[in-house]
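Reader: I'm new to this one. Could you walk me through how to read it, one feature at a time?

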Amino acid sequence: MNGGPDHLIIAPILIPFFAGALMLLYEDRRRRAKFFISLAATVALLFVAIELLNRSKGNELSGGNDIGFYLLGDWASPFGIVLVIDRLSAMMLVLSSLVAIPALVYSAAGWNRQGQHFHSMFMFLLMGLNGAFLTGDLFNLFVFFEVLLAASYGMLLHGGGQLRVRAGLHYIAVNLTASLLFLLGVAIIYGVTGTLNMAQLSKLVPLMAQENRPLFHAGAALMGLAFLIKAGIWPVSFWLPLAYQAGAAPVAALFAIMTKVGIYVLLRLSMLMFGTAAGISSGFGAEVLIAGGMATVVFGFVGVLASQGLGRMAAHLVLVSSGTLLAVNGLALAGGGAALLAGGLFYMLNSTLATSALFLLIEPMSREEGGIAAMLALTADAYGLDEREEDSQPEVGLAIPGTLTVLGLTFGACLLVLAGLPPMAGFIGKVAILRGVLATDAVSPAVGWAFVVLLLLAGLATLIGLVRIGIQTFWAGDGIVPRVLALEIAPALALTALMLVLTIKADDVLRYMRATAEALHAPAIYADGALGAPRAVDAEPEEEE
Amino acid sequence: MEIVLSAAIGILAASGIWLLLRPRTFQVIVGLCLLSYAVNLFIFSMGRLTVGVPPIMPQGGFVNPTLYADPLPQALVLTAIVISFATTALFLVVIIASRGLTGTDHVDGKEREG
């Protein structure tokens with residue numbers, strides 16, 4: 001870098017923003033043009049994210065952590081709004097574009113015809129996601145959260161129908177309330193500390209006066225509650241299964257990363273503000289995260305066992321993944337060590353890709369009568385659903401041969417990852433978490449063992465549930481082969497291929513996660529990097545003359 | 001002034017929460033509105049209560065910051081108002097759609113039996 005502002009950092013926000021705005025100018029009938037604009041934008045996002053990821057690895061001089069920063073409006077760092085990119089943000093950016101591209105391709109097979117402005121909302125959702133991953137300021141985080149939520153309201157309602165409107169009503173009400181809690185927390189934190197800059201907050205927490213601490217903790221807890229609602233922690237997760245089940249397939253696939261935004265923010269803020277360097281406040285909220293995470297895992301795997309349809313089961317699998325990550329976050333906050341957190345991050349990568357692929361498989365698997373489709377119809381009756389109108393129109397496009405084989409193999413790969421069985425990457429992530437839990441002495445052995453047992457039970461429940469659905473669809477079906485378009489199966493295949501790559505390259509990925517986890521344990525790296533950001537006017541005064 | 005403001009925030013929040021837990025969609029949206037008013041007033045009060053002082057400081061020279069109001073919460077509250085206004089409008093559309101599709105204004109889309 002030559003000292004000037006690094007405009008690449010803001011690109012993950014600007015690309016989807018301009019693409020989304022541009023597509024509003026097109027008529028909705030010009031789907032092909034819109035699809036290609038979106039595809040170009042998401043592919044560009046992926047390349048930018050990979051470039052940022054490579055940069056964030058830094059070099060020998062920077063100790064393997066290169067914090068990038070972007071001062072919006074060129075205001076000096078603690079006063080203006082700042083975008084920060086470190087290893088964790090870069091990883092989340094890559095993950096969000098990896099999930100977005102398959103979902104977008106899948107939607108081209110027909111879902112983008114079911115309602116208006118699908119592609120624009122898709123882009124605005126990505127903009128909100130990327131902004132939330134990049135921002136280094138609490139209020140800006142709120143704004144990006146609202147951008148992504150507003151887009152997600154529209155996406156959830158995409159396709160219409162009574163079930164979606166009902167699920168959307170609950171989803172919006174819950175999220176509006178959570179946003180108000182978020183605002184309350186932000187206001188209290190500002191009232192106590194006088195800053196909303198995450199880096200400065202992390203510096204201020206150890207120095208805070210004793211009488212201010214309870215109020216600060218209350219603010220942090222209120223804000224944390226808002227993110228926990230979004231991450232789907234147990235007592236406040238009842239909105240999640242219905243919303244994920246009701247969403248159109250590509251929407252649900254993209255939503256697989258939405259719970260991860262809540263987890264990302266919790267991880268980032270808790271490690272920054274209440275990490276080991278935070279003095280008396282160190283480890284605040286760790287018990288809540290551990291207990292809540294484990295309760296969520298229980299709720300999730302009981303839900304998986306009780307689900308009749310694949311959609312409902314996939315939604316509960318999202319909960320299992322969230323719960324595991326929240327508990328890992330809590331354990332790391334309590335001093336569980338970098339190895340544990342690295343395993344958790346690896347697990348997050350896998351489980352997000354696998355749940356996303358699963359959501360894309362649901363519709364092709366249940367297309368024709370028989371097997372799971374009959375059961376889905378039964379549950380649909382039980383829930384008082386109308387016949388879905390959108391499926392009645394004739395499909396056009398290239399159908400693939402050997403449909404059941406391809407579907408079955410992809411489904412099997414997702415199953416292996418989610419259940420954490422040996423050949424796939426899910427196993428590696430789970431083993432890394434388990435080893436971390438067993439090696440740590442930060443929590444009492446009883447808690448550690450309880451988590452180990454729960455994690456293994458959740459894997460078993462996932463296996464039982466998914467195998468049951470697989471047998472009904474692929475073995476006990478009545479022989480009618482569903483007609484599946486290549487466009488519909490390719491995204492799931494691509495996600496499966498990605499999981500295979502993760503398995504083969506697990507060593508490299510784990511090394512990256514390990515360094516990420518270590519950087520998270522040393523909040524000073526982030527805080528110094530973000531606060532030391534030089535302004536562009538100071539950096540290049542010669543150009544004026 | 002403190003007691004009036006805190007009472008106002010408290011009453012708005014309490015009414016908002018009560019309405020939020022009601023089964024009719026219209027009650028829910030009014031509850032959300034009241035709750036967002038309470039939150040906005042709360043953000044505003046986090047810049048400390050002052051009467052009749054400007055938020056903008058003159059340029060240059062020494063300025064005594066105690067003679068000025070904190071401008072940041074005022075800016076934050078504006079953003080929060082705009083955002084909650086927009087999301088409330090969106091929610092209203094969903095509520096109307098739900099009423100049209102289900103024929104009832106119950107939040108679950110169907111009346112409870114009995």
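Reader: Let's start on the outside. Which residues make the nonpolar surface patch of about 400 Å²?

Author: Keep in mind that this is a predicted model. With a patch, look for the side chains that make it and then ask where they sit in the fold. Here the patch is made by A:L305, A:V453, A:L457, A:L460 and A:I464.

Reader: Which helix gives the most to the nonpolar patch?

Author: That's α18 of chain A, residues 445–475, with 4 residues. A:I464, for one, has its place in this helix.

Reader: Now the two chains. How many residues does each one bring to the contact?

Author: To read an interface, take the residues on each side, then the area. Chain A brings 25 residues and chain B brings 29. Between them, about 2400 Å² is buried, and carbon and sulfur atoms give 83% of that. On the chain A side, A:L169, A:L180 and A:Y190 lose the most area to chain B, together making up 25% of what that side buries.

Reader: And how many salt bridges and polar contacts are there between chain A and chain B?

Author: The salt bridge count there is 0. As for polar contacts across the interface, 4 residue pairs turn up, with both residues at pLDDT 80 or more.

Reader: Which helices of chain A each supply at least two residues of the side that touches chain B?

Author: Those are α5 (138–157) and α6 (162–193). The largest share, 16 residues, comes from α6(A). Sort that side of chain A by class and you get 18 nonpolar, 5 polar and 2 charged residues.

Reader: Back to salt bridges. How many does a search of the whole structure find?

Author: Over all chains, 8. To read a single one, check the distance between the atoms, then where the partners lie along the chain. Take A:R268 and A:D86: their closest N and O atoms are 2.6 Å apart.

Reader: Where do A:R268 and A:D86 sit in the chain?

Author: A:R268 is in helix α11 (residues 258–274) of chain A, while A:D86 is in the loop between β2 (82–85) and α3 (87–107). This salt bridge links distant parts of the chain, 182 residues apart.

Key
Residues numbered from 1 in each chain as written. Chains lettered and ligands numbered in written order. Predicted model: local features only at pLDDT ≥ 70, side-chain atom pairs only at ≥ 80, totals over all residues. Heavy atoms only, no water. Contact = heavy atoms within 4.5 Å. Buried area = accessible area lost by both parts, 1.4 Å probe. Salt bridge = Lys/Arg side-chain N within 4 Å of Asp/Glu carboxyl O. Polar contact = N/O pair within 3.5 Å; in protein donor to acceptor, adjacent residues only side chain to side chain. Nonpolar A, V, L, I, M, F, W, Y, C, P; charged D, E, K, R; others polar. Patch = residues over 30% accessible without salt bridge, like charges linked within 9 Å, V, L, I, M, F, W, Y side chains within 5 Å. Areas by Shrake-Rupley, 256 points an atom, 1.4 Å probe, with all protein chains shown as cover.
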